[in-house]
Amino acid sequence: MALVPCQVLRVAILLSYCSILCNYKAIEMPSHQTYGGSWKFLTFIDLVIQAVFFGICVLTDLSSLLTRGSGSQEQERQLKKLISLRDWMLAVLAFPVGIFVVAVFWIIYAYDREMIYPKLLDNFIPGWLNHGMMKKLRLRRLLTPEGP
């Protein structure tokens, strides 16, 4: 029962999203102390959606590996429900929100950086974290919308 590279990639993606979320939450920004906290930012909501989505992908992969070869119809039915949830989440939340956030951010950033990401934020959010939040695997999402 060897792991397929795609499954290992999904685990790596999940861990990278979780690490970015932890770093983002550890940053003390004045805007996090106001109404809504981090949840008022679509970028943060997208990071949570992506982390949950890849968590479901990993759970689906593990379930399919563990139920492979068993003749249980109940396990097969539960696995099909999990796959349907994963596919629904990709089509309704993960892909559209992810592409929208990245496209809008970089279009506005190219037009006027100060409007969307003022230089003041460089003191709070390091460049690598901003890059990770905005570009992480978006090109792959654009090229292969049918799945991670």
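**Exercise 1. Determine which residues form the nonpolar patch on the surface, and place F100 within the fold.**

Solution. The patch on the surface of this predicted model is made up of L42, F100 and V104, which together present about 250 Å² of accessible area. As a next step, take F100 and locate it along the chain: this residue belongs to helix α3, which spans residues 73-111. Its relative accessible area is 48%, so F100 is classed as partly exposed, given that a residue must be over 50% to count as exposed.

**Exercise 2. Describe the protein chain as a whole, in terms of its helices and strands, its burial and its contacts.**

Solution. Begin with the secondary structure: the protein chain has 6 helices and 0 strands, and the order of elements, read from the N terminus, is α-α-α-α-α-α. Turn next to burial, where 36% of the 148 residues count as buried. The accessible surface amounts to about 8,900 Å², and carbon and sulfur atoms contribute 69% of that area. Finally, consider the contacts in the protein chain whose separation is 6 or more: residues 24 or more positions apart make up 70% of them.

**Exercise 3. Work out the surroundings of T67, starting from its helix and its accessibility.**

Solution. T67 sits in helix α2, which covers residues 42-67. With a relative accessible area of 11%, T67 falls under the 20% cut-off, and therefore T67 is buried. For the polar surroundings, look at the side chain of T67, one polar atom of which lies 2.8 Å from the backbone oxygen of S63. For the remaining surroundings, leave aside residues up to four places away in sequence; T67 then touches Q75, E76 and L79.

**Exercise 4. Analyse the aromatic pairs in which F105 takes part, and say which residues form one aromatic cluster.**

Solution. The structure contains 4 aromatic pairs. One of these joins F105 and W106, whose ring centres are 4.9 Å apart and whose planes stand at 90°, an arrangement that is edge-to-face. F105 is buried, at a relative accessible area of 7%, whereas W106, at 27%, is partly exposed. F105 also pairs with Y109, and here the rings are stacked, with 5.6 Å from centre to centre and 25° between the planes. The angle of 25° lies under the 30 degrees that set the limit for stacked rings. Along the sequence, F105 and Y109 are 4 residues apart within helix α3, or about one turn of the helix. Y109 has a relative accessibility of 25% and so counts as partly exposed. Taking the pairs together, F105, W106 and Y109 form one aromatic cluster.

**Exercise 5. Find the salt bridges of the structure and compare the burial of the residues that form them.**

Solution. A search of the whole structure yields 2 salt bridges. In one, E74 is joined to R77, and the closest N and O atoms are 2.8 Å apart. E74 and R77 are 3 residues apart in helix α3, which means that about one helical turn separates them. E74 counts as partly exposed, with a relative accessibility of 40%, and R77 is likewise partly exposed, with a relative accessible area of 40%. In the other salt bridge, D87 is joined to R86, with 3.3 Å between the closest N and O atoms. D87 has a relative accessible area of 37% and is therefore partly exposed, while R86, with 16%, is buried.

**Exercise 6. Set the sequence separation of V52 and M89 beside their distance in space.**

Solution. V52 has its place in helix α2, and its relative accessibility of 40% means that V52 counts as partly exposed. Counting along the sequence, V52 and M89 are 37 residues apart, and in space their C-alpha atoms are 9.3 Å apart.

Conventions: Residues numbered from 1 in each chain as written. Predicted model: local features only at pLDDT ≥ 70, side-chain atom pairs only at ≥ 80, totals over all residues. Heavy atoms only, no water. Helix = DSSP H or I, 4+ residues; strand = E, 2+ residues; numbered from the N terminus. Buried < 20%, exposed > 50% of the residue type's maximum accessible area, 1.4 Å probe, protein only. Contact = heavy atoms within 4.5 Å. Areas by Shrake-Rupley, 256 points an atom, 1.4 Å probe, with all protein chains shown as cover. Polar contact = N/O pair within 3.5 Å; in protein donor to acceptor, adjacent residues only side chain to side chain. Patch = residues over 30% accessible without salt bridge, like charges linked within 9 Å, V, L, I, M, F, W, Y side chains within 5 Å. Salt bridge = Lys/Arg side-chain N within 4 Å of Asp/Glu carboxyl O. Phe/Tyr/Trp six-rings, centres within 6.5 Å; stacked < 30°, edge-to-face > 60°.
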